Amino acid sequence: MTRLNETRIGALLTEPFGAAFVRQAAARPHAEHGTAIAVGIDGDVEVNGVRGRAVIVPPDVPYALRSAGPAATYLFDPELAPRIAEHARDGGTRVLGRRVAEVVAAHRASLARPDVLHGVGDELGRLLATGTPRPIDRRVARVAEALRDPDGEPVPTSLSAAHLRELFARDIGMPMRRYALWRRLLHALARVGPVDLTTAAHAGGFADLAHFSRTCRRMLGYAPSELWARLVT
């Protein structure tokens, strides 16, 4: 488990999921490569006109999140939590059952703690892991695994570049270049806290802080500096 900032914010990044506990949410429209779960603590959240105490959004679907009060948000990796991704894709953006909100609300007094967010995420993962995931071409799976580490070496395949790009988009749900950028963004975000934003940007392979910020807005709805300002302190 990697905490984004151990002393100031209620957030974490793990391999299966990322999580945050925020005072309120007002994200710009964006599309994340992950299954998003948003839960209102004291009231409903709203996602693309869908209102409810807990809302799920399939991977790679553009959306904007709003909540007037505190909320917990989870983002599950589609490759590491494929059954949750399929559960979301099968039903689209929609309100989840009461049990999801109850799991989060049961820990409302300590959701600012990364270890609590981690435990709740594990419980949500078990609750939502239903259905049968789509198979992924083994060659695509190897390439995706290599791209998870921005500093890793390319994986050779017997496929042409065009065919690999086609299969990757089919099985992973997004173009290969955008997936690589998403992984670089997560790599940089995991380093915020112990280092400053500029150093984190360079660790993710971004040319500068401006590039890091633009990518973060497009893929998460906030610039890095805005994200930290909204998180619980």
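This report describes the two largest pockets of a predicted model and the surroundings of one residue, Ala201.

## Basis of the model

The model is predicted: local features need pLDDT of at least 70, side-chain atom pairs count only at pLDDT 80 or more, and totals for chains, interfaces and linings use all residues. Residues are numbered from 1 along each chain as its sequence is written, and side-chain values use heavy atoms, with hydrogens and water left out.

## The largest pocket

The largest pocket has a volume of about 840 Å³. Its 49 lining residues include Leu13, Gly18, Leu75, Leu186 and Leu220, the closest to its centre. A pocket is an open set of points on a 1 Å grid over the protein atoms alone, where a 1.4 Å probe fits, with protein on both sides within 12 Å along at least five of seven lines; lining residues have an atom within 4 Å of a point. A volume is the space filled by probe spheres set on the points, which are joined across faces, edges and corners.

The lining divides into 32 nonpolar, 9 polar and 8 charged residues. Here Ala, Val, Leu, Ile, Met, Phe, Trp, Tyr, Cys and Pro count as nonpolar, Asp, Glu, Lys and Arg as charged, and the others, Gly among them, as polar.

## The second largest pocket

About 220 Å³ of space lies in the second largest pocket. Of its 15 lining residues, Val143, Ala146, Leu147, Glu153 and Pro154 are the closest to its centre.

## Ala201

Ala201 is buried (under 20% relative accessible area, 1.4 Å probe, protein chains only), with a value of 0%.

Definitions and conventions. Buried means under 20% relative accessible area, exposed over 50%, partly exposed in between (1.4 Å probe, protein chains only).
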